[in-house]
Amino acid sequence: MSLSRQEKLAWLEKVPLLRQCGAEVLEHIADVSGELPFADGDAIVLQGQVGNGLYIVTSGEVRIVAGGEELARLGPGEFFGELSVIDQQPRNATVYAVGPTACLALASWDLLALLEREPQLAMNLLHELADRLRRIDAQVRD
């Protein structure tokens, strides 16, 4: 079942990555993103491939695996795939659906264009990346 534009907008308003972004940004993302369904165990992105988009989990859960080790699990409102879009390097992990899962996919060219013209989105992304690095650092230290 595909989300309508209004349903996407309502959903995007709740995503921490998009906090304080204006209505115009959310409307643009709603218009250019697509909803993708995945079955349990489906690989959404593959380690080693150059990424072509950012994904926002709208339902279900994903697990992030690198080198056979599970690094994290993400649920609704959380995102993945941004690193490979930003630096155009191969993905550093594979992401699998856990149970029925759906994601909004934002193409790399749309994300990069938004980051260039929307400083709030760029700042939010930097904050989210810094938070992830701090959590990983804390895990390594434990």
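The largest cavity of this predicted model has a volume of about 40 Å³, and the count of cavities of 30 Å³ or more comes to 1. Its lining is formed by Leu 17, Leu 18, Ile 29, Leu 54, Ile 56, Leu 106, Leu 111 and Leu 121. Sorted by class, the residues of this lining divide into 8 nonpolar, no polar and no charged.

Several of these names recur in the largest nonpolar core, which contains 24 residues and in which Leu 12, Leu 17, Leu 18, Ile 29, Ile 56, Leu 111 and Leu 121 touch the most other members. At least two residues of this core are supplied by each of the helices H1, H2, H4 (108-117) and H5 (119-141) and by each of the strands E3 and E6, with H2 giving the largest share, 4 residues. In soluble globular proteins, nonpolar side chains tend to be buried together. The surroundings of Leu 17 illustrate how distant parts of the sequence meet: once neighbours within four places in sequence are set aside, Leu 17 is in contact with Leu 54, Phe 79, Leu 121, Asn 124, Leu 125 and Glu 128. Apart from the largest core lies another core, of 15 residues, among them Ile 64, Ala 93, Val 95 and Cys 103.

The helices H1, H2 and H4 were examined next for the placement of their buried residues. An α-helix has 3.6 residues a turn, so residues three or four places apart point the same way. In helix H1, which spans residues 5-12, the buried residues are Lys 8, Leu 9, Trp 11 and Leu 12; because they cover an arc of only 165 degrees around the axis, they are placed on the same side of H1. These buried residues of H1 pack against helix H2 (23-32) and against three strands, namely E1 (34-38), E3 (53-66) and E6 (94-107).

In H2, burial applies to Val 25, Leu 26, Ile 29 and Ala 30, and the arc that they cover around the axis is only 135 degrees, which puts them on the same side of H2. On the other side of this helix, Ala 23 and Glu 24 are exposed. The cover over the buried residues of H2 includes H1, E6 and H4. Ile 29, one of the buried residues of H2, is also among the residues that line the largest cavity.

The buried residues of H4 are Ser 108, Asp 110, Leu 111, Leu 114 and Leu 115. Seen down the axis of H4, they fall within an arc of 165 degrees and therefore line one face of the helix, whereas the face turned away from this buried side carries the exposed residues Trp 109 and Glu 116. Leu 111, buried in H4, likewise belongs to the cavity lining.

Open space was considered separately from the enclosed cavity. The largest pocket holds about 710 Å³ of space and is lined by 26 residues, of which Ile 64, Leu 83, Asn 92, Arg 132 and Ile 136 lie nearest its centre. Two or more residues of this lining come from each of strand E4 (69-74), helix H3 (82-87) and H5, and the contribution of H5, at 7 residues, is the greatest. By class, the pocket lining has 14 nonpolar, 5 polar and 7 charged residues, whereas the lining of the largest cavity has no polar and no charged residues.

Three loop residues complete the description. Gln 20, found in the loop between H1 and H2, has a phi near 65 degrees, a positive value in a residue other than glycine; at 66% relative accessibility, Gln 20 counts as exposed. Gln 88, which lies in the loop between H3 and E6, also shows a positive phi, of about 55 degrees, although it is not a glycine, and with a relative accessibility of 40% Gln 88 counts as partly exposed. Ala 93 is likewise found in the loop between H3 and E6, but counts as buried because its relative accessibility is 8%, under the cut-off of 20%. Residues up to four places away in sequence not being counted, Ala 93 touches Val 45, Leu 46, Gln 47, Ile 64, Val 65 and Ala 66. Of these contacts, Ile 64 is named with Ala 93 among the members of the 15-residue core. The C-alpha atoms of Ala 93 and Gly 75, which are 18 residues apart along the chain, are separated by 17 Å.

Conventions
Residues numbered from 1 in each chain as written. Predicted model: local features only at pLDDT ≥ 70, side-chain atom pairs only at ≥ 80, totals over all residues. Heavy atoms only, no water. Buried < 20%, exposed > 50% of the residue type's maximum accessible area, 1.4 Å probe, protein only. Arc of directions from axis to C-beta. Contact = heavy atoms within 4.5 Å. Core = buried A, V, L, I, M, F, W, Y, C linked by side-chain atoms within 4.5 Å. 1 Å grid on protein atoms, 1.4 Å probe; cavity = no way out; pocket = protein on both sides within 12 Å on 5 of 7 lines; lining within 4 Å. Points joined across faces, edges and corners; volume = space filled by probe spheres on them. Nonpolar A, V, L, I, M, F, W, Y, C, P; charged D, E, K, R; others polar.
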